[in-house]
Amino acid sequence: MAKGSSHDGRAAAAPRVVVIVDENSNPFELGCATEVFGLRRPEIGRDLYDFRLCSPEPRTLMRDGFFTLTGVAGLEAADTADTLIVPNRPDVEVPRRPAVLDAIRRAHARGARLIGFCSGAFTLAEAGVLDGRRATAHWQWADSFRARFPSVRLEPDVLFVDDGDILTAAGSAAALDLGLHVVRRDYGAEIANAVSRRLVFAAHRDGGQRQFVERPVPDLVDESLAPVLAWAQERLDVPLTVSDLAARAAVSPATLHRRFRAQLGTTPLAWLTGERLALACRLIERGESRFEVVARRSGLGTAANLRMLMRRETGINPSAYKRRFGPAGTATGPVPAASGLARSHGMRAGRSDSSGPVRHGGPRTRPKPARRTDE
């Protein structure tokens with residue numbers, strides 16, 4: 001692996017993502033970070049990130065001695081990161097290296113974005129940057145995490161938490177969910193969808209979904225939600241109710257709710273609202289500047305409703321979204337934490353019912369400091 005794991009020919013403006021790899025780090029989450037942030041993107045026409053790995057030692061033994069990582073940058077590379085991904089490892093009770101914790105504290109102090117996948121939340125908490133903040137971790141370590149770090153506001157039953165400049169994912173596949181969420185936050189829904197297609201992975205599972213769903217694979221083929229989801233996605237521009245979805249699935253609304261909860265970890269109305277908002281963002285990114293048209297074609301009704309939902313779920317209004325992600329203002333790097341499609345399908349699942357618009361809780365994300373400009 002080339003030193004620093006960066007690629008020749010990257011645009012100077014590409015924000016730098018640095019992954020710290022330490023002894024016994026998990027290779028899966030490292031692979032997720034590499035897939036999302038490190039690959040070249042010829043299908044997009046530019047590289048989105050300047051990606052590199054670093055380690056406190058020249059040779060790093062990965063989890064359970066599976067392999068040894070060599071040839072990456074030293075820990076000083078962490079001091080150049082716009083986004084720093086911290087080590088995650090299965091031995092959560094073993095203290096992290098002081099040098100690694102110091103690098104995390106320095107990054108946080110200068111305004112870099114911090115990301116912890118799976119047990120990476122333990123690393124962030126041990127560095128002291130999560131005190132009073134929201135975070136998540138793998139469900140099997142929830143009790144241990146709470147006991148060691150009671151000042152952290154742990155949300156153990158979600159896929160990931162975006163708390164502005166610090167983001168955490170529950171583990172394993174949730175690392176991909178959070179990675180795509182970061183791309184969406186930085187570059188908008190259209191680019192994030194292109195990256196997800198390359199990964200052959202769902203473009204958006206919302207962060208508020210439960211880590212464990214009751215039946216990931218339906219027992220019976222005819223209980224799958226796939227047909228009704230596809231049917232609804234083709235009709236987002238027309239009025240649809242939960243009763244309409246239930247009728248299409250040939251079940252009662254109550255049964256439909258149960259299946260959504262079991263298979264998707266959310267409610268029918270929350271899913272439908274999220275799909276419509278994602279479509280509205282894509283329409284704006286593709287150049288539609290008439291917000292009444294965007295609202296009508298996405299099924300959100302009126303421009304006023306579009307503005308309300310976008311501000312609530314992304315933190316910015318449609319005009320600001322258009323300036324940032326429209327054809328004339330294509331994003332070139334990270335944007336404020338509450339912009340982009342920061343909350344599209346990062347919505348808090350399950351806070352709705354079939355009688356009214358979905359409501360989502362949680363504090364607004366903190367602003368993201370400006371990207372480093374010394375390159």
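Two exercises on salt bridges in a predicted model follow, each with a worked solution.

Residues are numbered from 1 along each chain as its sequence is written. Local features need pLDDT of at least 70, side-chain atom pairs count only at pLDDT 80 or more, totals for chains, interfaces and linings use all residues, and side-chain values use heavy atoms, with hydrogens and water left out.

**Exercise 1.** Find which parts of the chain are tied together by the salt bridge of Asp-186 and Arg-113, and state whether each residue is buried or exposed.

Solution.
- Step 1. A salt bridge is a side-chain nitrogen of Lys or Arg within 4 Å of a carboxyl oxygen of Asp or Glu. The N to O distance for Asp-186 and Arg-113 is 2.8 Å.
- Step 2. Asp-186 belongs to helix 5 (residues 173-187) and Arg-113 to strand 7 (residues 113-117), so the bridge ties together parts 73 residues apart in sequence. Helices (H or I, at least four residues) and strands (E, at least two) are DSSP runs, numbered from the N terminus.
- Step 3. Buried means under 20% relative accessible area, exposed over 50%, and partly exposed in between (1.4 Å probe, protein chains only). Asp-186 has 0% and is buried; Arg-113, also at 0%, is buried.

**Exercise 2.** Place Glu-57 and Arg-97 in the chain and give the exposure of each.

Solution.
- Step 1. The closest N and O atoms of this salt bridge are 3.3 Å apart.
- Step 2. Glu-57 sits in the loop between strand 2 (50-55) and strand 3 (59-61). Arg-97 sits in the loop between strand 6 (83-85) and helix 2 (98-109), 40 residues apart from Glu-57.
- Step 3. Glu-57 is partly exposed at 37%, and Arg-97 is partly exposed at 26%.
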